[in-house]
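Student: Could you take me through one part of this molecule slowly? I would like to see how two helices can sit beside each other.

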Amino acid sequence: FQEFITVNPSVFSSLQNMWDTYRLDTKMNLVLSGSVMSMMRRIFTDAHEPLFGRADNIINLRPFRIKVLKEILKDYNPEYTNKDLLALYSITGGIPKYIELFCDNGYVTEDAMLRFFVSRMSPFIDEGRNLLITEFGRDYGTYFSILLAIAQGRTSQAEITAALGGIAIGGHLERLENTYQLISKFRPVMSKPGSKNTVRFRISDNFLQFWFRFIERSRSMIELDNYNDLCKVVIRDYPTFSGLMLEKYFRQKLTEEGGFREMGSWWERKAGKDANEIDIVGIRAEGKSALVAEVKRNACNYDNKVFMAKIEHIKTKILSGYDIESRLYTIDDM
């Protein structure tokens, strides 16, 4: 629907007049869909637009929940492994169209998904660029640089600013978060909302996180038609990337299961660096109890002594008097 802005913007005024004149005398449920969130929001929520206030309900379609993701993968690959599930979650984030591209073409294992994603004929190669240039318009360069920096692990404003050569990015970050809803701020669990020195940014959408990390970052390889080496890079670096996505998976899974009033991670700043990081801290909705969990893709990398020391430390910081359940989550627990 947002395409009328470039085709014939007078459609909005015409629709306003017709709707205001006839809506009470008709039995019509008018549904208007659009794929560019910022433009759809402008059309219906900007006070200067003809259709401002005419939408009785605005629905933001959400990705499939983890339970549904499992059901779909089981339909197409009854013998799927948790590695396959993690790959589908990490790459698609539950977006139906991307899941369809993998499943309908038979790419339902971890290795097949990764190779298809970076193949010469992949529909994903230009997907991120096509999506975002439509959103950002001519100013996409700075936004792309910010998202690329976040995808590469620079998550504080200071780190992002340094990666972009020191240019002012406060306004860009605000628009990416609130207008485009592509990034989100996150703070340590139970921290004060106004505490700026511990704020991190992350890309909200799994697909875009994956796309910036592996495709946009390697744009020069794609321009050289060097898909073989690009595939090697993805297969080499994916285990590290998927380890971080596994943390997000379990936070989302626990949130969807319910029973918590706050869910996230915890860390503190020491000498300008993050320290004592804990992957999952969930404050239960009832009583004074909390879940504190470590996430490891491979259980062999878990150090119980170090984790127990972190738990004792967080008790003194924010969980004094709480009953604490400690857990280790690995890929086997998905």
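Tutor: Happily; here is a close look at one pair of helices and a loop beside them in the discussion. This is a predicted model, in which local features need pLDDT of at least 70 and side-chain atom pairs count only at pLDDT 80 or more, while totals for chains, interfaces and linings use all residues. Residues are numbered from 1 along each chain as its sequence is written, and side-chain values use heavy atoms, with hydrogens and water left out.

Start with helix H4 (residues 66-76) and helix H6 (residues 96-104), whose axes come within 10 Å and cross at roughly 15°. Helices here are DSSP runs of H or I with at least four residues, numbered from the N terminus, and axes are lines fitted to C-alpha atoms over the stretch in contact, with angles from 0 to 180 degrees between N-to-C directions. Because angles under 35 degrees count as roughly parallel, H4 is roughly parallel to H6.

Now look at the side chains: Leu69, Ile72 and Tyr76 in H4 meet Ile99, Cys103 and Asp104 in H6, where contact means heavy atoms within 4.5 Å. The residues of this contact divide into 5 nonpolar, no polar and 1 charged; Leu, Ile, Tyr and Cys are among those counted as nonpolar, and Asp among the charged.

Next, find Phe52 in the loop between helix H3 (37-45) and H4. Phe52 counts as partly exposed at 37% relative accessibility, a class between buried (under 20%) and exposed (over 50%), using a 1.4 Å probe and protein chains only. The C-alpha atoms of Phe52 and Gln16 are separated by 9.1 Å, although these residues are 36 residues apart along the chain.

Notes
Helices (H or I, at least four residues) and strands (E, at least two) are DSSP runs, numbered from the N terminus. Angles under 35 degrees count as roughly parallel, over 145 as roughly antiparallel, 65 to 115 as roughly perpendicular and the rest as oblique.
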